[in-house]
Amino acid sequence: MRGFRLLLAGMLSVASAFVAASQNKTFEKISELPEAQYAYISESMLSSMGTMVDQPQFVAAAADRLKSLEILTCEEPESFDKIRKMLDSCANELQLLSRMRDEHENIEIYGKRNGENLSSLLLIKIKGEPEVLSAIFMTGDIDPDSLRSLSRPVE
């Protein structure tokens, strides 16, 4: 009986991982590219992480109200255009909230409003020296005030 329970618990864990991993179809497609690195963090993992993991300040501020967090990175500049075009299909479903550019970094932030908060947030960042493209997609109850840390200079 104990073995059956363990087997059932394992099967449920695997099944929930497959359901959870398909949160964002665009990120899922990009994750299949060999030059892309991908991570998915579910609501239960986010709530158990707390402040144990070094994470961007705006993610840490909203972590307890997030349902999912997906992160993509690519360090091969020749693939940036292809990945950026793939991300456009995700960005087109959201409203452009902010665009910041300087000589070494471009950041675009998209969101989907749910009352005063956001239900989805997409951050796309292209940084030079070394060149890295990163994208973060969050779902949950996101307070727009937590985004202010993005526009403040790091001290």
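**Sheet pairing and nonpolar cores**

In the predicted model, Thr 73 stands opposite Ser 134, a residue of strand β6. Ser 134 is also the bridge partner of Lys 125, and these two pairings introduce the neighbours of β6 within the sheet. Strand β2, which covers residues 66-74, is joined to β6 by 8 bridges, and the two strands run antiparallel. Strand β5, comprising residues 117-127, is likewise antiparallel to β6 and is connected to it by 9 bridges. Strand β6 itself spans residues 132-142 and is mostly covered, since 10 of its 11 residues are buried. Strands β5 and β6 form a hairpin with 4 residues between the strands, and in this hairpin Glu 129 adopts a positive phi near 60 degrees.

These pairings belong to an open sheet of 6 strands, arranged in the order β1-β2-β6-β5-β4-β3, in which the pairing is antiparallel. The edges of the sheet are formed by β1, residues 36-42, and β3, residues 95-101, each of which pairs on one side only. From one strand to the next, the twist averages 10 degrees. At the β3 edge, 6 bridges link β3 to strand β4, residues 105-114, and these two strands also run antiparallel. Within this part of the sheet, Arg 101 stands opposite Asn 106 of β4. As a general point, the side chains of a regular strand alternate between the two faces of the sheet.

The buried nonpolar residues were then considered as cores. In soluble globular proteins, nonpolar side chains tend to be buried together. The largest nonpolar core of the model contains 18 residues, of which Phe 27, Ile 30, Ile 83, Leu 87 and Leu 122 touch the most other members. Two or more residues of this core are supplied by each of the helices and strands α2 (25-31), β2, α5 (80-91), β5 and β6. The greatest contribution comes from α5, which gives 5 residues. When residues up to four places away in sequence are not counted, Ile 83 touches Ile 30, Leu 33, Cys 74 and Leu 133. Apart from this core lies another, made up of 12 residues, among them Ile 41, Leu 69, Ile 109 and Met 138.

Conventions:
Residues numbered from 1 in each chain as written. Predicted model: local features only at pLDDT ≥ 70, side-chain atom pairs only at ≥ 80, totals over all residues. Heavy atoms only, no water. Buried < 20%, exposed > 50% of the residue type's maximum accessible area, 1.4 Å probe, protein only. Pairing = 2+ DSSP bridges. Core = buried A, V, L, I, M, F, W, Y, C linked by side-chain atoms within 4.5 Å. Contact = heavy atoms within 4.5 Å. Axes fitted to C-alpha atoms, helices over the stretch in contact; angles between N-to-C directions.
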